[in-house]
Amino acid sequence: MAAARGGRSAVVLSSVPLQVLFYLTGLYFAFYCLCTLLMVIYKSQVLSYPDRDLALDLALLFLMAVLEAVRLYWGVRGNLKESQQSVGICLAITLASVLLSIYFLLWQTYVLRADVILNSILLSLYGLQGIVGLITIASFARSAPRHSTGTESTSPAHLSE
């Protein structure tokens, strides 16, 4: 897509699908975090939940929320600024978020069917974002200006020939 700007055209490389995924993941994560917190509270009241494990689950949920905020910041920033590094940071943080989601899917003290459903949806969103993020990074890299080798002449005499 080209946008005319003062007689020149600029190619916009930001990925709309990636931006939409960031938005949807942000909304879903707020829902996920609230549901997971309520389920941890429920499990602590109904089941015999060791205090040590309760503290660990709450700390990891809080860590996951912080990581998600940072991940979305770098992802949105990188996509809008067309920065390979920022989107790459987002993808690296996504790996940590995936590990935490797998913890809540498999390794927490009590895993309810709702935990499985919520974490499966979150992992699917992370996977889709990873694929679209890699495609976006490739798009940014493909259109990055190539550095000159120094063999071309940039003098005005050469340009007029």
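Select Glu68 in this predicted model, and you will find a residue that is buried, because its relative accessible area is 2%, where the cut-off for buried is under 20%. Show the cartoon around Glu68, and you can see that this residue lies in helix H2, which covers residues 51-81.

Next, keep Glu68 selected and add the residues that touch it: leaving aside those up to four places away in sequence, these are Thr25, Phe29, Ser97 and Tyr126. If you draw a distance from the C-alpha atom of Glu68 to that of Phe29, the viewer should give 7.9 Å, although the two residues are 39 residues apart along the chain.

Ser97, one of the residues touching Glu68, is also one of the buried residues of H3, so helix H3 (residues 84-107) can be your next selection, and its 24 residues should span 34 Å at 1.5 Å a residue, which agrees with the 34 Å between its end C-alpha atoms. Colour the buried residues of H3, among them Val87, Cys90, Leu91, Ile93, Leu100 and Phe104, and then show what covers them, which includes helix H1 (16-46), H2 and helix H4 (113-142).

Finally, zoom out to the whole chain, where you can pick out five helices and two strands, arranged along the sequence in the pattern β-β-α-α-α-α-α. Of the 161 residues in the chain, 34% are buried, while the surface that the chain exposes comes to about 9900 Å², with carbon and sulfur atoms supplying 70% of it. Among contacts in the chain with a separation of 6 or more, 75% join residues 24 or more positions apart.

How values were computed: Residues are numbered from 1 along each chain as its sequence is written. This is a predicted model: local features need pLDDT of at least 70, side-chain atom pairs count only at pLDDT 80 or more; totals for chains, interfaces and linings use all residues. Side-chain values use heavy atoms; hydrogens and water are left out. Helices (H or I, at least four residues) and strands (E, at least two) are DSSP runs, numbered from the N terminus. Buried means under 20% relative accessible area, exposed over 50%, partly exposed in between (1.4 Å probe, protein chains only). Contact means heavy atoms within 4.5 Å. Accessible areas come from the Shrake-Rupley method with a 1.4 Å probe; for residues, only the protein chains shown count as cover. The expected span of a helix is 1.5 Å times one less than its number of residues.
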